[in-house]
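Good morning, everyone, and thank you for making room for me in today's meeting. Please have a look at the sequence and the structure on the screen before I start.

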Amino acid sequence: MKRRLLHLRLAVVAHDLFMTWLAWVLGFLIRYSIWPDSPSIDLWSFEIFTVLLIQGIICFAFNMYRGLWRFASVPDLINLVKSATIGTLAIALMFFLINRLDGIPRSVLLMYPVLLVLLWGGPRITYRMWKDKYFNLSDGNKPRVLIIGAGQIAELFIRNAASHQSCHVIRIIDDNKAFGGTQIRGVKIQSGIENIQQIVADFDIELVVIAKQNPSADLIKLVVDELAATNCMIRVAPDPEDYDNNLINVNQLQPITVEDLLGREKVELDWQAVASYIKNKSVLVTGGGGSIGSELCRQLARIGVSQLSIIDHSEYNLYQIDKELSSEHLVVNSHLGDVTNKAYLYHIFKQHKPDVVFHAAAYKHVPLLESHASEGFLNNVIGTRNVADCCDDFGVDKMVLISTDKAVNPYSVMGATKRLSEKYCQYKNQSSDTEFLTVRFGNVLGSAGSVVPLFEQQIAQGGPVTVTDEKMERYFMTIEEACQLILQSLLLGKDNEILVLDMGQPVKIKSLAQRMIALSGKGKDIKISITGLRTGEKLYEELHYDIENLAPTKIPKISGVKKAHVQAQQLPELIQQGHQAALKYEQAEIKKILAQLVPEFKGHELRLLQSTTALKTSQSNGKPVTSKNKLKE
């Protein structure tokens, strides 16, 4: 390989020296062509040898032979101009010192650099264009590309795509009508993003590349929605600073993620304030192997707590996070156990004496807990009670309960148990020196059991993608964002018992499914199946009750619910009754207790409404309503 490069560079040196000779001779030929009796022109002389020697030295000084013609570009042409100009001045100076420029016309010295740049640059550009196949775009093996956005990124992408023969850029679309009909590197620009579908169909486009720096979520959603019914792939071009001589294969292009579709502003955590509070403290995270818990542990490790204790009842999850954090310069205490075991919790609190506790351990799968109410009550309610009591007994500074929007006007056992957990923390706040904070937010992208991984799996299997109801909406945020805001909550005081994270606008689940299918490039092949609401599900989630007055806090994106509920003193006694029912697996009794402790629990009312609706439908169909029919319904 090195020998081949050496031979190529020697050939380039020979080419440039020949062109130097030709430019010098042509200068004389042009100069004397207007004379009727022109003198004879030497094709070789001492002067020509001197020109070749000086110009050759100048070329090496300007590194003209380090670059490859295959990638000849504007900087290379600028280098040629510099070499020709400096070389001309050096040649003129040398001949002035030797013979005062005797026999060398001034016009030759003016024409020589111009001719030299043309003779040097012409073959380079021609070779580059030939290699880029500007003269032959018939290779059907390369993807046909449509670019969104006419600007620097588009120009860089086209140049690199041509250099590496990675794809054929067929058209550029830009909303700026002033660009309509113009071109970038020979590629025509059309105005109007609304024409994407037509262009994709007319030119058999296989790949659409968004060539804008930090494209907005609205633009991404518009492009994805326009291409939802096609099998066209959608990618984002790299930023200008990411381009180099080794770029780029279209397979390396950045895919669009679900986070891009949400378009949420990046949360800028005040790390210094959080670190100054939590640094050198002992921190305990329950459910530390789960999606939220494990990310909390990662961020706490980066901040620099004195020791981090993790509790999880999943052996595999605990092993994973323990292995990940073992390389950190941090004392990590991993404990395999269950928060429903108060004696076990007491032992861990006594051993590690945590200053701050994050309680993330909970069951969260809505339909599953409808048929496992006892397990949901034990883990979500009794587990929270045990952790909160230990925090009180051991004088923990703060406990942060990770809650959910499903705790607001709950329709499900899961939501009702989480609301009861919130109530118990509010009850403890009435008498304890420990500050009990509840952080409430919606769905977390990519968390275990959430809708996004389910859709990804269904798309990978070829569909169909299942959506329970066309009207269903949910709030979404990323795991990293949720955990950063949870850590920010440590800076807020006891006056804000419940903290609500700003979740932005809710997202329709069907639209999310359609866009994820579009991003997979299988829009024509994968269908969406509407399966109907499952037991305990709501069409719309809420982040706070109507009677809860939200007030902004000193931290952006976090609102606080001021103390509005005084919890009854008999709350622990009623929870204990639920505990006894759960231990006996009395599912119906547990739901009754939940309805008593959480009056806003709407699950039983929803089932009554469904039963009433079915009864009315039966009557409208002309069926007699007998006691037997009622029993069936």
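I will go through one helix and its surroundings, then a contact between two helices, and then a few backbone details. Please keep in mind throughout that this is a predicted model.

Let me begin with helix H12, which runs over residues 342–352 and in which Leu345, Ile348, Phe349 and His352 are buried. How do these buried residues of H12 lie when seen down the axis? They fall within an arc of 100°, so they line one face of the helix. For those of you who are new to this, an α-helix has 3.6 residues a turn, so residues three or four places apart point the same way. The face of H12 that is turned away from the buried side carries Ala343 and Lys350, which are exposed.

What covers the buried residues of H12? The cover includes four strands, namely S8 (282–286), S9 (307–312), S10 (331–336) and S11 (356–359), together with helix H14 (373–393).

The two ends of H12 also deserve a careful look. At the N-terminal end, Asn341 acts as a cap, with a side-chain oxygen 3.3 Å from the backbone nitrogen of Ala343. Just after H12 comes Lys353, whose phi is positive, at about 45°, and this residue sits in the loop between H12 and S11. Lys353 is exposed, its relative accessible area being 57%.

I now turn to the pair of helices H15 (residues 413–429) and H19 (residues 571–583), whose axes come within 11 Å and cross at roughly 145°. The crossing in which H15 passes H19 is left-handed. On the H15 side the contact is made by Leu420, Lys423, Tyr424 and Tyr427, while H19 contributes Leu571, Pro572 and Ile575. By kind, the residues of this contact are six nonpolar, no polar and one charged.

Finally, some backbone details, for which a general remark helps: most residues other than glycine have a negative phi, and most peptide bonds are trans. Tyr585, however, has a positive phi near 55°, and it is found in the loop between H19 and helix H20 (587–597). Tyr585 is exposed as well, with a relative accessible area of 54%. Where the peptide bond is concerned, Gly463 and Pro464 are joined by a cis bond, with omega at about 0°, and Pro464 belongs to the loop between helix H16 (451–460) and strand S15 (465–467).

Thank you for listening.

Methods:
Residues are numbered from 1 along each chain as its sequence is written. This is a predicted model: local features need pLDDT of at least 70, side-chain atom pairs count only at pLDDT 80 or more; totals for chains, interfaces and linings use all residues. Side-chain values use heavy atoms; hydrogens and water are left out. Axes are lines fitted to C-alpha atoms, for helices over the stretch in contact, and angles run from 0 to 180 degrees between N-to-C directions. A crossing is left-handed if the near helix is turned anticlockwise from the far one by less than a right angle, and right-handed if clockwise. Contact means heavy atoms within 4.5 Å. Ala, Val, Leu, Ile, Met, Phe, Trp, Tyr, Cys and Pro count as nonpolar, Asp, Glu, Lys and Arg as charged, and the others, Gly among them, as polar. Buried means under 20% relative accessible area, exposed over 50%, partly exposed in between (1.4 Å probe, protein chains only). The arc is that of the directions from the helix axis to the C-beta atoms. A polar contact is a pair of N or O atoms within 3.5 Å; within protein, one must be able to donate a hydrogen and the other to accept it, and residues adjacent in sequence count only if both atoms are side-chain atoms.
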